[in-house]
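Dear colleague,

Please find the structure below, handed over for your use. My findings follow directly after it.

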Amino acid sequence: MVHGTVTSASRAGRAPWDVVVGDRFIAALAAPADDRALSALAEAACDPRVGIERLVQAVPAPPAEPDRGFAIVWWSDGDDATVTAVVRGAAIVDLESPGGSRRFDARGIRPWHLAEFRDVTGVRLAGADAPLERLSTAGERVRHARASLRASEVEWSPVATTNAASERSDAAGPGQADEDTVLRGPVPRAGQGAADVAPAEAARRPSPMVRIGRGDPRAVGAPILIGRRPHAPRTPFAPAGIPELVAVRSPTGVISGTHLELRVEGSKLVATDLRSTNGTVLRTPGGERRLRSGESVVVAEGSLLDLGDDTIVEVLPAREDDTSPSRDDRPSP
């Protein structure tokens, strides 16, 4: 992302945001933003070592009145840079990838909502009043390097914005349901799942542990695909490894054939709803919410993922002495 182009636009009728563009991040705070927060972010703009923790700490706690919030995107070094997005209040981050576009928002989660993404080809920070559409579609846009500004939206893209619209695909459409899955409720908007992480890197970290249904605890090494009759996509999973397929019972047919993916990104466990028909419910100590179709989210120890029909995926404490079970010794769900 460091080598892309940052532009901004001010659109009539949309909420304004105070934006700071740094070498490793873009931050948008509801305008008028706290001067101390803007100064702290401006000081971090040229720091190559700045981390997401420092950026979030620069934003003050929400006031008593309704909180319009903030959005921050931060990227790591390297060609396979991971994008971390943090949002609060009415701020949103639209992300584009080879599979389409998706929107990441807070949906009332406090103190903020954080997730990691890979294979990102475009990012837009704006308010919830911005429509989910292909990036750089219309309007006058102003290019920026490192800067502080006020705008209704700010966007990063890997190419000049004059060519961006013709080189990107349209936003992804609704997810496709399995033919024999019992539909309950509307199918949410589709999104983009997380990508791979090298197994050598994962081996240096404690293995995330999960319990699927009534099965035994298991380490997550290669990606795990869970569903009534899961199957791997045609695209290769290397270098993350060949996925493990875990079939679970669904007497009423509410669990999709390939419903949920679990995979490790860096030190974090990422769960992705694979555009299931009925969705996945995430339960944490902070509350409960339903993942959107195709949504990826970092899940921490103690989280529960409800697929339906009493099939619960429990995230357990990581263990340094565990490795991912082989294809021959996988415990039954």
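Phe-104 and Phe-117 are both buried. In this predicted model, the two residues form an aromatic pair, and a search of the whole structure finds one such pair. The ring centres of Phe-104 and Phe-117 lie 5.6 Å apart and the ring planes stand at 75°, so the arrangement is edge-to-face; the cut-off for that class is an angle over 60 degrees. Phe-104 belongs to strand S7 (residues 100-105) and Phe-117 to strand S8 (residues 113-117), so the pair ties together parts that are 13 residues apart in sequence.

As to the chain as a whole, its secondary structure consists of four helices and 23 strands. The chain has 333 residues, of which 51% are buried. If one takes the contacts between residues at least 6 apart in sequence, 63% of them join residues at least 24 apart. The exposed area of the protein chain is about 15,500 Å², and 50% of that area comes from carbon and sulfur atoms.

I turn next to a pocket. The second largest pocket has a volume of about 710 Å³. Its lining comprises 27 residues, and those closest to the centre of the pocket are Ile-109, Trp-112, His-113, Leu-114 and Val-298. Several elements each supply at least two residues of this lining: helix H2 (52-57), S8, strand S19 (280-284), strand S20 (287-291) and strand S21 (296-299). Strand S8 thus appears here again, having already been named as the strand that holds Phe-117. When the lining is sorted by class, twelve residues are nonpolar, seven are polar and eight are charged.

Some features of the backbone also deserve a record. Ala-31 and Pro-32 are joined by a cis peptide bond, with omega at about -5°. Pro-32 sits in the loop that runs between strand S3 (25-30) and helix H1 (35-44).

Another loop, between strand S22 (304-308) and strand S23 (311-319), contains Asp-309. Asp-310 lies in the loop between S22 and S23 as well. Asp-309 is not a glycine, yet it has a positive phi of about 55°. For Asp-310, also a residue other than glycine, phi is positive and near 60°. Are these two residues buried or exposed? Asp-309 is partly exposed, its relative accessible area being 24%. Asp-310, with a relative accessible area of 67%, is exposed.

Two further residues may be of interest to you. Gly-257 is located in the loop between strand S16 (244-247) and strand S17 (260-265), and it is buried, with a relative accessible area of 3%. Although Gly-257 and Arg-229 are 28 residues apart in sequence, their C-alpha atoms are 4.7 Å apart in space. Thr-272, for its part, is found in strand S18 (residues 268-273). Thr-272 is buried, with a relative accessible area of 1%. Between the C-alpha atoms of Thr-272 and His-259 the distance is 8.7 Å, and these two residues are 13 apart in sequence.

Yours faithfully

Notes. Residues numbered from 1 in each chain as written. Predicted model: local features only at pLDDT ≥ 70, side-chain atom pairs only at ≥ 80, totals over all residues. Heavy atoms only, no water. Phe/Tyr/Trp six-rings, centres within 6.5 Å; stacked < 30°, edge-to-face > 60°. Buried < 20%, exposed > 50% of the residue type's maximum accessible area, 1.4 Å probe, protein only. Contact = heavy atoms within 4.5 Å. Areas by Shrake-Rupley, 256 points an atom, 1.4 Å probe, with all protein chains shown as cover. 1 Å grid on protein atoms, 1.4 Å probe; cavity = no way out; pocket = protein on both sides within 12 Å on 5 of 7 lines; lining within 4 Å. Points joined across faces, edges and corners; volume = space filled by probe spheres on them. Nonpolar A, V, L, I, M, F, W, Y, C, P; charged D, E, K, R; others polar.
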